[in-house]
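Please open the model in a viewer and keep the sequence panel visible beside it. The stops below proceed from the whole chain to individual side chains.

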Amino acid sequence: MKSWGDMQGIVTRKATAEDLADVKRWLERERRETGEGFFCNWGVIEAIYEEDMLDVLAIGSETVAFVADGRRGPDIVEVRPDLRGKGLGRRAAEHALQRAYDRGNAVVRIECAPHTSIPFWQTMGFTMLVDPDGVQRSAYAYKKLTRKFDMPSGEPISFAIRLYPEQREWNQGVEAIDELRGIGIKVAQTVRLPERAIFFNPQGDSQSRNVISVSVSGTSVFEGQVRQFEAQNLGVQRDQADNYYMDTITLP
């Protein structure tokens, strides 16, 4: 058994078959001794391993934490019970978020399990989902993975992008739930945005029905649902978790 002083030698890597067996042993022990942990999700963990998306934090051959990753974001993040409270959870979570960022995910959505993990995920920048009345009744949370871009040389041009719930389609009085405005750079017929516009409605049943309005130099160039063909032509994209975003505006 390595001591805490040896933790400076920790590495993050893809799980091997030996790592998988090691994780299974301590998950079984945790379930047997406390009745808690993620051994009940062992089938999910094995499936993620088979997809080559199971990562571990390890010292040599000894696993101390694991991240069961998914294309929508991390499914499970756990630290070995005897090593909790030493910063390994934060390191594992940061690794999971970096993986999602590298895949191009605009938003990561998770379930905070157990409920006692909610404060930890809040310190990692996650926002708890609340019902329309403002009350938190679940352990689901989300985090937008913002991106800022280096701007090319070109013509500075103002833009405004607003996000609305789908009710905007039949009620023009509905207020925007998010907005990104500023100065982009026009290169040919494309406006490069200084940061990613993320179209995420925390209370939406389907992100594809969100409505956006886009204006350039004070002139409207589009208003409609993000899933429309015209929105795609404008520059709206979708990540692997079915969240919509925009990095550029393609002018008509």
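A residue is called buried here when its relative accessible area is under 20%. In this predicted model, buried residues make up 43% of the 252 residues in the protein.

**The whole chain**

Begin with a cartoon of the entire protein, which has five helices and 14 strands. Displayed as a C-alpha trace, the protein spans about 65 × 45 × 30 Å along its principal axes. Among contacts with a separation of 6 or more, 61% involve residues 24 or more positions apart.

**The four-stranded sheet**

Next, select strands β1 to β4. These four strands form an open sheet in the order β1-β2-β3-β4, with antiparallel pairing. Strands β1 (11-14) and β4 (76-79) are at the edges, and each pairs on one side only. On average, neighbouring strands of this sheet are turned by 25 degrees against each other, with direction ignored.

Narrow the selection to β3 (residues 62-68) and β4, which pair in the antiparallel sense over four bridges. Within β3 and β4, find Ala65, which stands opposite Val79 in β4.

Now add helix α1 (residues 17-34), which packs on the sheet and touches β1, β2 (54-59), β3 and β4. The direction of α1 makes about 90 degrees with that of β3. Then add helix α2 (residues 42-50), which lies across β2, β3 and β4 and runs at about 95 degrees to β2.

**Aromatic pairs**

Show the rings of Phe, Tyr and Trp as sticks. How many aromatic pairs are there by the count? The count comes to five aromatic pairs.

Select Phe39 and Trp42 as a stacked pair, with 6.4 Å centre to centre and 25 degrees between the planes. Are these rings buried or exposed? Phe39 is partly exposed, because its relative accessible area is 24%, whereas Trp42 is buried at 8%.

Move to Tyr142 and Phe200, a tilted pair with 4.8 Å between the centres and 50 degrees between the planes. This pair links distant parts of the chain: Tyr142 belongs to strand β7 (residues 140-144), and Phe200 is in the loop between β10 and β11, 58 residues apart. Both Tyr142 and Phe200 are buried.

Then select Phe120, Trp121 and Phe126 together; they form one aromatic cluster.

**Charges over rings**

With the rings still displayed, add the arginine side chains named here. The charged end of Arg147 sits over the ring of Tyr101, at 3.7 Å from the ring centre. The charged end of Arg168 sits over the ring of Tyr164, at 4.1 Å from the ring centre.

**Ser208 and its surroundings**

For the last stop, centre the view on Ser208, in the loop between β10 (190-199) and β11 (211-216). Why does Ser208 count as buried? The relative accessibility of Ser208 is 16%, and the limit for a buried residue is under 20%.

Which side chain joins that of Ser208 through a polar contact of 2.8 Å? Display Ser206, whose side chain makes this contact with the side chain of Ser208. Finally, show Gln225, Val226, Arg227 and Tyr244, with which Ser208 is in contact when its neighbours within four places in sequence are left aside.

How values were computed: Residues are numbered from 1 along each chain as its sequence is written. This is a predicted model: local features need pLDDT of at least 70, side-chain atom pairs count only at pLDDT 80 or more; totals for chains, interfaces and linings use all residues. Side-chain values use heavy atoms; hydrogens and water are left out. Two strands pair if DSSP finds at least two bridges between them. Helices (H or I, at least four residues) and strands (E, at least two) are DSSP runs, numbered from the N terminus. Axes are lines fitted to C-alpha atoms, for helices over the stretch in contact, and angles run from 0 to 180 degrees between N-to-C directions. Contact means heavy atoms within 4.5 Å. Buried means under 20% relative accessible area, exposed over 50%, partly exposed in between (1.4 Å probe, protein chains only). A polar contact is a pair of N or O atoms within 3.5 Å; within protein, one must be able to donate a hydrogen and the other to accept it, and residues adjacent in sequence count only if both atoms are side-chain atoms. Rings of Phe, Tyr and Trp (its six-membered ring) pair if their centres lie within 6.5 Å; planes under 30 degrees apart count as stacked, over 60 as edge-to-face and the rest as tilted. A charge sits over a ring if NZ of Lys or CZ of Arg is within 6 Å of the ring centre and within 35 degrees of the ring normal.
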